[in-house]
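Dear colleague,

Please find the structure below, handed over for your own work. A short account of what was found in it comes after.

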Amino acid sequence: MLLKDDVAIITGGGSARGIGRATAQLFAEQGARVAVLDIDEARAQQVGRELGDAHRGYRCDVTNQSEVVTVFRQVAEELGPPTILVNNAGVTQPKRIDQVTLSDYDIVVDVSLRGAFLCSQAVLPYMRQCGRGSIVCISSLSAKRGGGIFGGPHYSAAKAGMLGLTRALARDLAPENIRVNAIAPGLVDTDITGGQISAERMAAIIRDIPLGRIAQPLDVARACLFFASELAGYVTGEVMDVNGGSHID
Ligand SMILES: NC(=O)c1ccc[n+]([C@@H]2O[C@H](COP(=O)([O-])OP(=O)(O)OC[C@H]3O[C@@H](n4cnc5c(N)ncnc54)[C@H](O)[C@@H]3O)[C@@H](O)[C@H]2O)c1
């Protein structure tokens, strides 16, 4: 068991086929007590119940600072002080620059970037209390390639911002034994695209992936486990590609 002494907060974990849900499951199997946060309260609580008695689901809009601070305090009281945070909540839109409204920009950038910023800030007192911590940010291949599969320019910008945030926090927090890393997945088989990728387009995407398939949520969850656990005890400020070889730099 890699996480038997850990309490993990996973944002955006309420989606039944999502990366957060798969990560929550894997972390629970590895002994962590898991707090699943989602803007959709019913789905967060459903996942919490499915994981078992040691785990909980909470409503939390990661863009709302007072909600984030309150929920993190509640997690610390109910499950113990969090030692792991996975900044996973995110939304995307397949729009070109001239289609992106200011409210599109705000939601896409705020959920990924402001959310990761606020949650990372809110988790610090608890990690300091424990003398250790691991923060994992779910960025995207889109941050490196400038999109090209689904998300628009606002999504690429938000996910690239998360990489800058990851590196800055890694440098800042290393002396306090808090590691911060990011994952840049290629296309993952979840519901984030809302079924908007045609079969023809999907076949073309897969033709471009050397490993011959898109990712499953568990592929990303396993990378999260590596960063969250002591397996990555000497790794901070790193970005791991999980893309089947579709982008090698
Ligand atoms: N699926 C992919 O192809 C892919 C690729 C690269 C990166 N990612 C990133 O991985 C992460 C997870 O994506 P997924 O594919 O599992 O998506 P998903 O849509 O299945 O899950 C995202 C979850 O975030 C929640 N959420 C949205 N706004 C929120 C808010 N303000 N506060 C809290 N929760 C909120 C949603 O309710 C949903 O449950 C996202 O950050 C996404 O950008 C996904």
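The notes that follow cover the overall fold and then the ligand site.

This is a predicted model, in which local features need pLDDT of at least 70 and side-chain atom pairs count only at pLDDT 80 or more, while totals for chains, interfaces and linings use all residues. Residues are numbered from 1 along each chain as its sequence is written, and side-chain values use heavy atoms, with hydrogens and water left out.

The chain contains 8 helices and 7 strands (DSSP runs, H or I of at least four residues and E of at least two, respectively). Its C-alpha trace spans about 50 × 35 × 35 Å along the principal axes. The radius of gyration is 17 Å, which agrees with the value near 18 Å for a compact globule of 249 residues (taken over C-alpha atoms; the globule rule is 2.2 Å times the number of residues to the power 0.38).

Around the ligand there are 26 residues, of which Ser15, Asp38, Tyr155, Val188 and Thr190 come nearest (a residue counts as near if one of its heavy atoms lies within 4 Å). This shell comprises 13 nonpolar, 9 polar and 4 charged residues (Ala, Val, Leu, Ile, Met, Phe, Trp, Tyr, Cys and Pro are nonpolar; Asp, Glu, Lys and Arg are charged; the others, Gly among them, are polar).

Three polar contacts deserve mention (pairs of N or O atoms within 3.5 Å). A polar side-chain atom of Tyr155 lies 2.6 Å from a ligand oxygen atom, a backbone N or O atom of Val188 lies 2.8 Å from an oxygen atom of the ligand, and a polar backbone atom of Cys60 is 3.4 Å from a ligand nitrogen atom.

Yours faithfully

Conventions:
A polar contact is a pair of N or O atoms within 3.5 Å; within protein, one must be able to donate a hydrogen and the other to accept it, and residues adjacent in sequence count only if both atoms are side-chain atoms.
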